[in-house]
Amino acid sequence: MDELAVRVGTLEGFYRWVQVERMRGVPLLHAALAVEAVGFVWGADEEGDAVAEGVLITPWFMSLVRLPARVLPHGGRVGGRFVRAFGTERFDFIGAHDEAIGYHETCALFSPMGGFTDQALARATAREALALTRPQPQPQQATPAVLPARRAFFLGRGGERRS
């Protein structure tokens with residue numbers, strides 16, 4: 001397993017634990033949904049250190065997440081608000097910390113999750129949110145060459161007008 005998969009797997013595992021241990025019996029939980037990390041890729045923080053970025057779906061929220069590559073202490077940033085680049089956009093993130101995953105930042109997309117009928121719809125929404133923040137480069141359209149008029153070509157004029 002690569003480092004990204006390990007970090008994201010730890011994030012999912014932590015939130016599954018939260019669902020079972022801390023959120024049990026809370027009416028906010030949507031029974032048709034599960035914890036799932038969607039579209040995580042490496043990005044960089046303001047200092048250039050690696051940060052896993054993607055969407056986390058849980059039965060009680062969906063958020064953009066920035067998860068440092070290493071387990072970091074909170075550094076007094078829990079609850080702090082930070083404007084961060086995410087793909088081509090900038091969003092307000094809130095600092096969070098837990099011993100299992102360390103410091104990370106989240107930007108809420110949906111909470112509660114009652115508007116989602118199933119996991120497939122939540123996943124599709126997460127993917128669409130990522131597509132909006134990470135647009136794919138459009139291929140460059142080749143500029144069509146200006147061709148001389150057919151008559152000029154056959155008369156050996158190369159398309160230039162003669163006076």
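Begin the tour of this predicted model by selecting G115, which sits in the loop that runs between β6 and α2 (119-133). With a relative accessible area of 67%, G115 is exposed, so it counts among residues over the 50% cut-off. Now add H30 to the selection and draw a C-alpha to C-alpha distance: G115 and H30 are 85 residues apart in sequence, while in space the separation is 9.6 Å.

Stay in this loop and move to P112, which is also found between β6 and α2. Display the backbone here, since the peptide bond that leads from S111 to P112 is cis, with omega near -5°. As background to that view, most peptide bonds are trans.

Next, step back and colour the whole chain by secondary structure. The protein chain comes to three helices and six strands, and a reading along the sequence gives the pattern α-β-β-β-β-β-β-α-α. Of the 163 residues in the chain, 36% are buried. Among contacts with a separation of 6 or more, 55% join residues that are 24 or more positions apart. If a surface is switched on, the chain exposes about 10300 Å², of which carbon and sulfur atoms supply 55%.

With the surface hidden again, select L11, Y15, F40 and L56. These are the residues that touch the most other members within the largest nonpolar core, a set of 17 residues. To see where this core is drawn from, highlight α1 (3-21), β1 (36-44), β2 (50-57) and β3 (62-68), the elements that each give two or more residues to it. The largest share, six residues, comes from α1. In soluble globular proteins, nonpolar side chains tend to be buried together.

Which residues is L56 in contact with, once its neighbours within four places in sequence are left aside? Show side chains around L56, and the list reads L11, Y15, V35, E36, A37, F40, F61, M62, S63 and V65. Apart from the largest core lies another, of 14 residues, and a selection of V55, F116, A122 and A126 will bring some of its members into view.

Turn now from packed side chains to open space, beginning with the largest pocket, which has a volume of about 310 Å³. Its lining consists of 16 residues, and those closest to the pocket centre are Y15, F61, A96, H104 and T106. Y15 therefore deserves to be kept on display from the earlier view, because it is one of the buried residues of the largest nonpolar core and is also among the lining residues closest to the centre of this pocket. At least two lining residues are supplied by each of α1, β5 (89-98) and β6 (102-110), and β6 gives the most, with five. Coloured by class, this lining shows nine nonpolar, five polar and two charged residues.

The last stop is the second largest pocket, where about 200 Å³ of space lies. Select D45, E47, P68, R77 and Y103, which are the closest to its centre of the 14 residues that line it. The elements giving two or more residues to this lining are β3 and β6, with the most, three residues, coming from β6. How many nonpolar, polar and charged residues does the lining of this second largest pocket have? Colouring by class gives four nonpolar, one polar and nine charged residues.

Key:
Residues numbered from 1 in each chain as written. Predicted model: local features only at pLDDT ≥ 70, side-chain atom pairs only at ≥ 80, totals over all residues. Heavy atoms only, no water. Core = buried A, V, L, I, M, F, W, Y, C linked by side-chain atoms within 4.5 Å. Buried < 20%, exposed > 50% of the residue type's maximum accessible area, 1.4 Å probe, protein only. Helix = DSSP H or I, 4+ residues; strand = E, 2+ residues; numbered from the N terminus. Contact = heavy atoms within 4.5 Å. 1 Å grid on protein atoms, 1.4 Å probe; cavity = no way out; pocket = protein on both sides within 12 Å on 5 of 7 lines; lining within 4 Å. Points joined across faces, edges and corners; volume = space filled by probe spheres on them. Nonpolar A, V, L, I, M, F, W, Y, C, P; charged D, E, K, R; others polar. Areas by Shrake-Rupley, 256 points an atom, 1.4 Å probe, with all protein chains shown as cover.
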